Each structure stands twice: as C-alpha cells, then as structure tokens.
Amino acid sequence: MGEQISWQKIVAPGKKVLYFFTYTEWGAILWLAPAWGIVFAYGQRYEFTNPMIVFLCSIWYFIWLIWQRGGKNKKQSYIYAGPTISATNMVRQGITSSYVQAIIVGLLLVLASMGYYHTKSEIDEYYEVNPYYMGAEGIYTVRVLNLPESVILQDKEFLRFEGDLVTMIPKKEATESKPLKADGPLMVYVAPTEAMKAKPILPGQYVMVKGRTSKLLQAPEEGRIDLRPRYLAAHRVGNLYEGTFEGFDTAVRPNWYERINDRIDYLLGVTRWQLMNQIAANLPGEMAAIGQSLLLGGGYGAIDASVMDSFAKTGLIHILSVSGSHVALLFGFVFVVAHIMGVPKKKATYGAIVFVILYCAIVGFNPPVVRSAVMGIIMGIALIRGEVYHSRQALNISAALMLAYEPLLFLDISFQLSLGATYGILLFSRTLYQRLPKGWPYIMGPISLCLSAQILIWPLQLYYFHLMGYGSFLAAVIVGPLLDLAILATAVLLLLHWLIPVGSLWYLLGLLLRLSLFLNFTIASLPGAVMWLGALPVWLGTIYVICCRHLYAIMHEWRVRSLFYENITMSLLFIVLLLPLIHLSSEQVFIHTIPVNRGAAFLVIKEEPLKTAKAFLYMTTGGKGVSNMTRSSIVNSVHYYGIERLNGVIMQEVNEGNEKSIITLLHSLEFPVSAIHKSDMNQDTYIGRNSADFDKLVREYPNQILVEGPRGGFLFGNGQISENNLKLIETKQYIVGTTNSATASRGDDGPSGSVAIVYWPSSGNYADVDPADSTRYITGTRVVPDFLL
C-alpha cells in the first residue's frame, strides 16, 4: 500500500506551488483542445465522418475532469498519482478556486480556436491557388521530391514520384513555345525507359516530363481512407498521368539556399537508392521488395497483392511502413552496440539521437516516424540531463508539436493509428501483462503489447479496414519477432557489407523472410482468424470511448484493483465491437451510393432482426474498365457494413473491353464468376444470384432495374429526364430513385415525388447541375446519405 507520510515532508514550508491538473493531463490538453478545433473546421468545410463526431463528443471528458478535480481539491487540497499517498507518489498542492476553473475553460476554448483558425486558413490558402496549367498538355519541369517507385496502373508499369513544379511549356503550334513560371506539387507517373534505368531519377534533380495534368479526384465515403487532408497539407494541386520522360532540365537556376537543399535531398536520395540496390542485389525476387519495405518503407507496388492482403489481415501492415517500432529497434540496437563496445550511456545517447535523425531523413518524415523520433529524442535528453523520463508526457509533447506545425496531420490515418496504438500501450500494456498467466514472458509480452495497442484503435480499425480476429495475436507472437529480427539483420548486413563479405548471411536472411511470409499467410488463412465486421455507429463509438476510460480508472485509479470489474469492462468492449454484426430493429432495405470515377455503383442492403445483413451490388461502367479506385471503393463499401460475401450482383454495359476488370472485381469480392449469367431482357447486362432473397427484392425490366423494400422501391436506369432543373447533356448518365414503387414500376423517366436523383457525370464537369436542388446528389463530390426503402 505504500509508506504513509505527512504533508509537511512533501510540501516544503513556505513554498506555494499550486496545480489543477497533473503534468500529463496538461500535456494532453495541449494537443486535444486544438484537435477539437481542427476536426470542427475540417468537418464544417467538408463533412463530419463518424469518427470525427465521436471525437467531438469526447469533450465530455474534460468537462467531467474539471468538475471532478475541483471537487477533489476542495476536499483534500492536493493532487497525487496513485491510490495512496506515499513517498513515491507525485503530491502537489491543488487549486480550489472556481475562478481558476473558468480560466482553464477559457484556455481550452483558446486552444480549440487556434486549431480551428489554423486549419481553416490552411484550407482557404489551398483553394486560393487556381493553376492555369491544369488540364493543359505540355512539357513540365518539376523538382523531384522523393525517390521514384514502381506502380501498376491499368496493367501498365509506371514510375511514380512527387515533384514540385518549376516551369511549363504549353503545347501550342501557332505560338512560340516559351517556359512559363509554374508552381505547386504534382504526383507524376512516367513510363520507364532504358535511359532512366542507366541514369536514375533522384530527389533534388530537375526533370522534364511531357503530358497533361489533371485535378485530384476526391471520392469521400464513410469507411474509406480520406487522403484529402494529406493532399491539403502537401498543397498538392494535381496529377500527371502517363507522362513521357524528356530528360533532365539543366536550364533551371535556383538560388543559393535552394541549391543547398537540392544537394541535401540528392545525397539522401543517393543513399536510399544505394541501400535499395544493395538489398536487391543480395535478396532474390520478391524477398528484395519485402526487405526494402521492412527497412526503408514504401515500394508497395513491387509487392504481390496477396502478400499485402495477408499483412493487412494479421495486423502487421504497419511493419511494411516505417513506424515507431523501427525507431525503437534502432535506439535499442545503438544502445546494445555501445554497451558491447564500452561506450558510456551519455555518449551512446548522443549517437542514437544522431543515428535516428539520419534514418528519418533517409526514409522520409512521415507522421509515425516523426512522432516516435520526437519521443526518442525527449527520452535521450532526459537521460543526458539525468532526469526522469515520462513517456506519456513525451507523447503529448510530440503530438502537440506536430499539430502546431501541421494541424491536418490529426486527420491523417497514419497519425491516428500511431498515436492511438502508442497511447494504448502506455495506458494498458503493463496492467494487462500482470493479469496474463506467468511463466511465458516471450508469449505474454507480445500478446499484452498487441492487445493494449489495439484497445484504443479498434473502432478506427473497423472503420478503415473493417476486420479483426485472433490472427493478429498469433502473428504478434510468431511473425512479429521474426520480422523485427529481419529488420535488424538487414540493417546490420548493410553495415557489414562495407567491411567484410557476408553473402551467406544474406541467404539466411532470405530464408527468414520466406519463413515469415509463409507463417503470416498461414495465420491469415486460418478459419476465423479474420472476421469482417461493420463499422461502429456514432452512439456505439461514444459508448466504447467511455468504456475505455472506465477500464483505465479500474486499472489505475481505484484504491483496490478488481479483476472481476476489469474482465466485465473488457467483455463489454468486445460486445460493443460485435454489436454491428446483428441487426436489432425491424426489417429494412436501403440503398448505399458508392462513389466511383467511372459509371455508377450502388449497394442494396437488407437487414432483418437478429440476422446478418445481406447485400446486392448494382453497377454500370459506361462501357469502360473497372479502375483500381472503383474496385477499392466497392470492396470498401461491402465490408464497411460487415458483409463478407455478396448475395447477388447486377452489372450493366459489360463488353469485351471491360470484362477482365469486372472478373477481377468479382474475385476481390469472393463472388463466384460461375454464378454470373447474361440477361435475356437487357443488352450487355449480367446478373448473378447467390440467394433466394435476390429474386424477392430485385425485378428486371427493359432498360431498368427495380429494387423493392418494405416502404417503397428504387429504380436503376439510364436515360434523359424531363425536369428542367437538371440540365443534362444527352450523352451524360443518371439514375433515378423514388420511394413510390408503383411509380417506379411504370418506368417513368421523371417520376413525381421522387426523393432522390443520383447523377454521375463521366467527365467531372458539374456545371450543368442546379446546386439549389436538394433532391439531387452528385456522386464523388460529397457523402451521399443512404436511401431507406
């Protein structure tokens, strides 16, 4: 229980230092309060997703904390850390003044306002730029910002890199072609050539690319990873697809500080390129791509899709992107080497900090790396100064610094998962490890880390990836340590390569990687190792956050810890996560609009009490192939509702040109291609039935499909509408939906009383749609609400 001591021994006589929160709580305020403003500003400009609403609802925590702390201070006038007051606890004199409470509320509002205006000004600044060159064909000179990596687009190989625009020469035959000044970051895709292989493109160089720029396509949807904050933060203006490499531009004359920056980027790029080549020269085939991603991150386009899928299912996908675990491994590696060589701890700490900063510069400063690097540097400074290192305070400081520099990072999935997982480990890992069976530290340690890391991010994992299962625990115990060993082995072999020949050791590393991939794929394929679960609605997400706070209180704040209440709370967390599997209310059928870049796609979902949901897919492609973006959107929508396999599909405008891509989509959805047959009623239409409910819900008519629900129906069909406020060009397409099934079944082009007309253009020009008409939605520009039938 701890040694009981008097207040006089703790608080020095005459020393009046007053506190309201602990240092850790103050640190949390420094990033949480601005984050509320960031979320509110972003949602006000675009849309409030379910996780954003749950986060805004979490403001109850600080309201409760202020009330609770004020009451506690009035009773004892002291704040302490722990269930008892002892010499080991941090005892501080507390504040009881209501005036101070008002000041704290005002401080929260000020910090939130700062986050709001910082975010709003950054978004406004982004949209103030209207590039004249967008959509124009010409020769673009760009400064390369990162090492190009290979990607596959529409079955063609391209090299992709981010570039900062310098000049543009428009393609105009009637006028003299002169370079025009241009600026703004672009994502550039160029076809690889033999000249590029002989002399690679490196960061800091200026290259000329011939092609046409295009605007960024945004397809917001619940449950989809939103890349828009990343584009806004980088001020990326567009893409340049299928470019042609014209050579290096030697006419650019940067100023002195730009030349220094170019040289630094070039040297870092050369270092990364040489390391990648060394790995590729010593590891065979795909093992080289895996080794490069494990140590340096990126390069996912060279990894087989099945391998990436298995890593996603086992929860180890973060290892392929440089994250906090890499920085922790490097810190530990430097300290171990320094200890073997007899280097003092203080000097080893200096070396570790320099080594980690250099590593971060080579791999790129992505959010998880920056967060872990800042925490490591704070830890190093504490060791050098001989002070106590508080990991939660370091995490709060790093989060506050990152959001102060770039507020839109808070909406980036990498930042969210990294921060949430680290917080979960710091809050719960030690207690969970103490509760697990003793005697197997090498098993229980990884399990406690895996479970604690996922407690806070499970709702986000369900929202973005829609899966969970026991496979992640098996992978954490079996595969995780092997991959950590492979990362360290790769780094050591690269260092030893300059001193002694280590060819046989590279062979052993290849065997280790093959074994890791085999075990990871086996775990991902085990029955029940992966379950597709629906995302949590707002009310369940809010309850989950409250349960997490209650679990922390039971583990750390109660005077007597109770295993019974801990187990009850943990069970409640799992029940909340599994509730979306089963529908509890009355039967309903609704339409979910899927944003796609070609054609249109809709999910028809039927929910019945105490049964899993059933879904049917309707899709029309406009006669073109299904792009990777469209396939990703459809698969995301199916799994967002916890649907493992579709019960039926209807695909229109299928021809020889897009048949291959549609088959690929069906394989991604695990829908049997053999169940697809051609329609006798509609040309180029294919229908697949996997359930008897399909015929009860869906009826086919010439040029249209009708879906009926308990309250009405929805009509799928192409054509022209007679209403004037939707001014469509004849070649454009649209879909009409109405809650009146009798009207829909007559096949009227313009049914009276329709509550929704969903229209998708094939070109991206939305000017011909009346924005004042609230009954019409344009897919791909905002989240379209589901239509209940």
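## The paired strands 15 and 16

In this predicted model, strand 15, which covers residues 614-620, and strand 16, which covers residues 648-652, pair in the parallel sense over 5 bridges. Within this part of the structure, threonine 620 stands opposite glutamine 652 in strand 16.

## Helices on the sheet

Helix 23, made of residues 628-640, packs on the sheet and touches strand 13 (588-594), strand 14 (600-607) and strand 15, and its direction makes about 155° with that of strand 13. Helix 24, residues 659-668, lies across strand 15, strand 16 and strand 17, running at about 165° to strand 16.

## The sheet as a whole

Strands 15 and 16 belong to an open sheet of 7 strands, whose order is 17-18-16-15-14-13-25 and whose pairing is mixed. Strand 17 (676-678) and strand 25 (787-788) stand at the edges, and each has a single partner strand, so one side of each is left without a neighbour in the sheet.

## A nonpolar surface patch

A nonpolar patch on the surface is formed by Trp539, Ile543, Leu572, Ile575, Leu579, Ile582, Leu584 and Leu610, which together have about 780 Å² of accessible area. At least two residues of this nonpolar patch are supplied by each of helix 21 (538-557) and helix 22 (563-578).

Tryptophan 539, one of the residues that form the patch, is found in helix 21. Its relative accessible area is 53%, and tryptophan 539 therefore counts as exposed, since that term applies over 50%.

Note on methods
Residues are numbered from 1 along each chain as its sequence is written. This is a predicted model: local features need pLDDT of at least 70, side-chain atom pairs count only at pLDDT 80 or more; totals for chains, interfaces and linings use all residues. Side-chain values use heavy atoms; hydrogens and water are left out. Patches are made of residues with over 30% relative accessible area and no salt bridge: like charges are joined within 9 Å, nonpolar side chains (Val, Leu, Ile, Met, Phe, Trp, Tyr) within 5 Å. Accessible areas come from the Shrake-Rupley method with a 1.4 Å probe; for residues, only the protein chains shown count as cover. A salt bridge is a side-chain nitrogen of Lys or Arg within 4 Å of a carboxyl oxygen of Asp or Glu. Helices (H or I, at least four residues) and strands (E, at least two) are DSSP runs, numbered from the N terminus. Buried means under 20% relative accessible area, exposed over 50%, partly exposed in between (1.4 Å probe, protein chains only). Two strands pair if DSSP finds at least two bridges between them. Contact means heavy atoms within 4.5 Å. Axes are lines fitted to C-alpha atoms, for helices over the stretch in contact, and angles run from 0 to 180 degrees between N-to-C directions.
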